[in-house]
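Take a walk through this fold, strand by strand. Keep the 3D view open as you read.

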Amino acid sequence: MQLSTPLVIKLYHAYRSILQAPPTSPANMDSFSLHLLPEYTPSLPAPDYSSKLLPGEQCIQRSPCLSHRGDAVSFTYREREMTLRLMDCREEDRHPYYGLGSTIRGEVALGHRRGVVSVAAKLEGRLYVSGQHSKGITFVAKERILWESSTPNEQCPSIMPLSMSFPTSYRERAQDRHFRLPPSFELSAPRRVAIVYTLQIIVTKSRNIMIGKKLSREVSMSIHIRYRPRVRPSRPVPNSFLEVKQCPEDWMENVWITEPAVDTGNAAFLARCHFFFPSVRVFTASEKIPFHLRLETSPLFLHDLAKLFLSHQNPSEIEHVLSVFILRQTTVNIPGTSFVHDQVLGRGQMMLHSSSSSKVVVSKSDAPVSWSWNGELRCEVPVLSTGFITGQISTADYIVLSLLLPPGELRPNLALQRAIPIRLATEPWIDRS
């Protein structure tokens, strides 16, 4: 409350008159003081505040509140009189794991502090391949001094805070390129491959002075941590192909025309496949992916293809003319080791549409046919990381259309297969509006 100047002067003279006046009796004190006090009017009630807009109001900018993660946990490790406590991290298979650019927070405590010269923390990420005698290929090696003595007799503190952040990228010296830091990864076949991240606490202690030199020794503890950058789709996936008329921009069409490099002897009809799937191309591994498929061909053309590429199989015994599946391809290329591994993550469930011209068969009929399916794709195995690429190892995800062939690895001759690149996300889409 701000008082006007005349009121301040009036109060000042009233205060001086009280000091100079003779003492009054308690009975006259209340009546004497009341007429000197200024009159007060009650304040207006405070306005109501709400994040909801009233009629006529418009939101110019909104900052969402950052809520505390309910899944934050702590881990405690003890080894060689050292205690490491990691806080505010997530848990995966009883290991702490961190996201893109996350900060490792915790504290280090020592049971014996006598003779400690320095305490450091080291974050390392390496690629290991079975059969390789080297220590692996290093992606990141980051060290931070937690404490270091400045005088000979300075004692190490009992508890030291720890704070280290994961870099988001690293530089590949051989190729002079920058790559995103790859996630924790493990492949068991055909050779064991692993990307491993470790956090090491290094304690340096001094020894007795010998021959004029002060020697030191290191005591360390090492723990495994997981690095899992979280990836989300930019928008939701449509529920079914029935929504294509309401939201055509949510769908895309991939046309595949099968033209074998070798003459089948029947060039009158080829196989033309129209594949409709969500245009977002980034899918959560746990959600379903709807699709629509239309195949225009002739049973005779499929019969000739089967005889050409599947000579060991009777064409009339082929159950599935067309298959759709999700495949993850891992490529390893380091000195002395190079291979490609394909893993089928999920197979599509397809239902023949009523508009199809006939039953799906492989025969010697040259009459043109058109078959349509509605279907869904879903990963049937856990997917812990999204695709990534480095100078030595990479993983890529595809939706594969396979003509006559069952779901499996990609063939060198892609005459019977069509691979469409996609990206599998580890987290579901969130409506941030």
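Start at Leu401, which sits in strand 22. The model is a predicted one. Is Leu401 buried or exposed? Its relative accessible area is 0%. Buried means under 20%, so Leu401 counts as buried. Now look for Ile326. Along the chain, Leu401 and Ile326 are 75 residues apart. Their C-alpha atoms are separated by 9.2 Å.

Stay with strand 22, which spans residues 393–403. Its partner here is strand 23, joined to it by six bridges. The two strands run antiparallel. To find the register, pick Tyr398: it stands opposite Pro421 in strand 23.

Strand 23 covers residues 417–425 and also pairs with strand 15, residues 282–284. Which sense does this pairing take? Strands 15 and 23 pair in the parallel sense, over three bridges. Here Val282 stands opposite Arg423 in strand 23. Strand 23 therefore shows both kinds of pairing: antiparallel with strand 22 and parallel with strand 15. In general, strands of a sheet pair through backbone hydrogen bonds, in either a parallel or an antiparallel way.

Next comes an open sheet. It has five strands in the order 13-14-16-20-19, and the pairing is antiparallel. Which strands form the edges? They are strand 13 and strand 19, the latter at 349–352. Each of these pairs on one side only. On average, neighbouring strands of this sheet are turned by 20 degrees against each other, direction ignored.

Inside that order, strand 16 is followed by strand 20. Strand 16 holds residues 289–297, and strand 20 holds residues 369–377. Nine bridges join this antiparallel pair. Arg294 stands opposite Ser372 in strand 20.

Go back to edge strand 13. This strand runs over residues 251–258 and contains Val255. The relative accessibility of Val255 is 35%. That value lies between 20% and 50%, so Val255 counts as partly exposed. Val255 also belongs to a nonpolar surface patch, together with Ile257 and Leu270. The patch has an area of about 190 Å².

Finish with the cysteines. How many disulfides does the structure hold? The count is zero. A disulfide is a covalent bond between the sulfur atoms of two cysteines. Cys89 has a relative accessible area of 1%, so this residue is buried. Cys247 has a relative accessibility of 29% and therefore counts as partly exposed.

Definitions and conventions: Residues are numbered from 1 along each chain as its sequence is written. This is a predicted model: local features need pLDDT of at least 70, side-chain atom pairs count only at pLDDT 80 or more; totals for chains, interfaces and linings use all residues. Side-chain values use heavy atoms; hydrogens and water are left out. A disulfide is a pair of cysteine sulfur atoms within 2.5 Å. Buried means under 20% relative accessible area, exposed over 50%, partly exposed in between (1.4 Å probe, protein chains only). Patches are made of residues with over 30% relative accessible area and no salt bridge: like charges are joined within 9 Å, nonpolar side chains (Val, Leu, Ile, Met, Phe, Trp, Tyr) within 5 Å. Accessible areas come from the Shrake-Rupley method with a 1.4 Å probe; for residues, only the protein chains shown count as cover. A salt bridge is a side-chain nitrogen of Lys or Arg within 4 Å of a carboxyl oxygen of Asp or Glu. Helices (H or I, at least four residues) and strands (E, at least two) are DSSP runs, numbered from the N terminus. Two strands pair if DSSP finds at least two bridges between them. Axes are lines fitted to C-alpha atoms, for helices over the stretch in contact, and angles run from 0 to 180 degrees between N-to-C directions.
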